[in-house]
Amino acid sequence: MAEPGHNSTPHLELINEGIDRIKWVDRHSPVLNGLVRKSVNDGSLKGVRIAVVVHLEAKTAFLASILADAGAEVIVAGSNPLTTNASVVEALRERGMTVVSEADGDISSWEQELLAAADHKPEYIIDDGAELTMRIGMHRPELFKTIKGVSEETTTGTARLYAMEAAGLLPFPALTANDARCKHLFDNRYGTGQTTMQAVLRLTNRRVAGANIAVIGYGYVGRGIAEYAKKMGAQVCVCETDPVRALEAHFDGMIVGKSVDVVCNASIVITATGGMRAIGQHEIDVLNHDVVLANAGHHDLEVDVATLADIADTITDKGSQITTYNVAGRDIHVLSGGALVNIAGGSGHPVEIMDLTFAVQGLGAHHLVNAQMQPGVHILPKHIDDSIAAAKLHSMGIQLDHPRPEQEDDFKEWLKGMQTT
Amino acid sequence: MTSHPLHSARDNTMADAGQKRIDWARPLMPVLADAAKTLSASGILNGRHIGICLPIDAKTANLALVLADAGAKVSCRAPGHYTNMEIAHALRRKGISVYTATDEISDNTNTHIQEFKNDIESARALLTSTPDILLDYDAEVICLARADFPDVFARLKGATESTKTGIDKLHDLSKAKALDIPLVNLDDTRLNRIFNNTIGTGQSVVMAMLDLTNLQIAGRSVLVIGYGSVGKGIASHAAALGALVTVAEIDPVKAMQAQYDGYLAKSITDAAPAAEVVFTATGSKGTLTPDHLTEMPDGVIICSAGCGRPEMPMEILQQAANKESVRAHITNYQFSNGKNLLLIADGHNVNTAAGEGSPIEIADKLMALQLASMEFLLSDGSKQ
């Protein structure tokens, strides 16, 4: 698609569309607008260079705007080439923010964009999949000296940061936003669960009730998808390599089995492992004709589209983000090129869920700037996590009890007794 | 306004996209394919002219194409807001006439009245082409034929009607002894009630609202008005996704059923103050009144899942102090007291006007029912 000329009507329309999208987020973000603005506007972010590297759509843009409003110098990049929204990019540029990403890129243009973000020498990074942190380590190692902290969004990125720490390659503090309860309990489970089902159904116009749906991976994301699919009437099968989680899936009423035993009956397969090649050659061999494959995990290769492309007799674009690989007479339909289906093929997470997630990220960045933290991976302090949930409940007019002294266990009393005997 | 061949490159690009959607749906419609094979072999459709008045989407397109393959002449007409223009262009390219008003509607600033006039014109165009059978929706075209096209009406071999709204109108005509053609009531079939309404519409209405708003439903207060087969499906899908569901229903037995199904049954007036999202699913005119709107909280989201605008208090909305499009298919009406109301899909039925309609596998059975009805009308059910 040709770039609309600067200040041409299409360009202005694009900017306005982006502004409208961001306004819609503003309207449904009570925690970011209340608690988070109040905290970050204390002056501590003035002039601080923060790179925001998350799927570049309206919610991310709103977080970037809040940090910029607090005086930070914000550099914005997308965390996946397939999820950057052109109108949002233009709207952010219009308000004077540095945006290094363009929509409709590919892996190589995206990697260049990340390096461009690195070259702005961010002091702090709000990262997704540790994509920027990892690349700075690989391609701009000297910049590690100037990085003062990273706050990470996802399960995949958290695993990468722990791996860097274990290898002695993490010279700055990193917060795993993902490990905050206000993130993974809501974003991963409800947010990804709801919107993954939405995107699959929107792209395919298929029905859930009575369908056989396989979910690969039973972490928070897989659990959310499985739960929503089941409640909407699907027969849900789950594969999970962690025995405790697999048992949990069984107790949740899911049919649990090995991937090849599970996917061979499925009409829709959704991957949620956060790893790679969850649907690889072994699984492809047993897939049904007309099966739909969608990915809800961080990696574009969680459904091994590279292998599919290698072994397919024909590859057809069916429009609306559906690619059909014909393998030995069977049509295998992959949604959104194997990228995160709810973002690449939908509008991403619900606004209110990202209000919580980005509150974790915003307050996390503020915490990194203000607390004296040692290098290594850290979890957001519980009182900050709690304050986010409290602010959200308050915005909905929901009040809570406080524990009364007489409701507490009397352990102080009997501990005293144990010490005196 | 008549059906026309594609005249621009843009139309052809749109037709390509529409064709892909039609091709995507086809293998998921095995029941229709089987029924078509039988009907085609019988030769009963040869030379018959079928007027399809259903929302124009990929499923309807597959019905139109199998009818054409079976030897029928096929013309399509749907109200502008229920027409997917990509699909319409793809059908036109296959030689099927598609009468629609959408071509004339350049933006959503058209008033209801203008749009209505154009939709009437597209219906007139269809009737002028003298169909033998009408597959109607909301009984719009049958009623128009009865009123303004007596000759066309008299030579109809029959018609099918798919919606409750349409059946209600036709019952009135029938009582007045003004419906002297055979009419197959598809609304009352179990396939329609159980599968299309409860499962198909339930799923697609809730999903369309979420797609359009990008909001979360877990923990939201949802008011479903009407607990017929559509309302039941919306309530169950919303609740499945974690919503707190209240149901308003005037039929006491259905209201009690809602309460026993685990929802709160209340009057609209009592439920309105806590409603964050409202779905109307009555299929009846005047479901929401200006008084109900007064009771609703600031920022309430309103969607029709029934017959669309007639369910909505459109007059009072038109009097809003400020009307602004805030997002695709979402209009914010602000009243002089500062209160905002978000109307989805301009008050039209949300899953059809702003989504892709019922899921393909479910539409498959409904389209097969249309074929079975035609066979019935053209053999033993036909007028002498």
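Start by selecting strand S7 of chain A, residues 212-216: 5 of its 5 residues are buried, so the strand is largely enclosed by the rest of the structure. Buried here means 20 or more other C-beta atoms within 10 Å of a residue's own, against 12 or fewer for exposed and partly exposed in between, with C-beta atoms placed from the backbone. Helices (H or I, at least four residues) and strands (E, at least two) are DSSP runs numbered from the N terminus.

Before moving on, a word on the model: it is predicted, so local features need pLDDT of at least 70 and side-chain atom pairs pLDDT 80 or more, while totals for chains, interfaces and linings use all residues. Residues count from 1 along each chain as its sequence is written, and chains are lettered from A, ligands numbered from 1, in the order in which they are written.

Now show the side chains of S7(A). Asn212(A), Ala214(A) and Ile216(A) sit on one side, Ile213(A) and Val215(A) on the other, and both faces are covered. Add strand S8 of chain A, residues 235-239, which runs parallel to S7(A) and is joined to it by 5 bridges. Strands count as paired when DSSP finds at least two bridges between them. To see one bridge, pick Ile213(A) and its partner Val236(A).

Zoom out and colour chain A by domain: domain 1 covers 9-183 + 349-395, and domain 2 covers 189-344. These bounds come from an automatic or database domain assignment. The domain centres, taken over C-alpha atoms, are 28 Å apart. Where they touch, 11 residues of domain 1 meet 16 of domain 2; contact means C-beta atoms, placed from the backbone, within 7 Å. The domain 1 side has 3 nonpolar residues, 8 polar and no charged. Ala, Val, Leu, Ile, Met, Phe, Trp, Tyr, Cys and Pro count as nonpolar, Asp, Glu, Lys and Arg as charged, and the others, Gly among them, as polar.

Next, bring in chain B and look at the contact between the chains, with 26 residues from chain A and 28 from chain B. On the chain A side, select helices H1 (9-27), H8 (181-204), H9 (220-231) and H15 (351-370), the elements that give two or more residues each. H8(A) gives the most, with 5 residues. This side divides into 11 nonpolar, 7 polar and 8 charged residues.

Hide chain A and stay with chain B, which has 16 helices and 14 strands. Its C-alpha trace spans about 60 × 50 × 40 Å along the principal axes, and 56% of its 384 residues count as buried. Colour it by domain too: domain 1 is 9-192 + 358-378, and domain 2 is 215-306 + 309-347. Their contact takes 6 residues from domain 1 and 5 from domain 2. The domain 1 side has no nonpolar residues, 5 polar and 1 charged.

Last stop: the open sheet of 8 strands in chain B, in the order S9-S8-S7-S10-S11-S14-S13-S12, with mixed pairing. Strands S9 (264-265) and S12 (322-327) of chain B stand at the edges with a single partner strand each, so one side of each has no neighbour in the sheet. Select S10(B), residues 277-280, and S11(B), residues 300-304: they run parallel, joined by 4 bridges. Val278(B) has Ile302(B) as its bridge partner in S11(B).

How values were computed:
Two residues are in contact if their C-beta atoms, placed from the backbone, lie within 7 Å.
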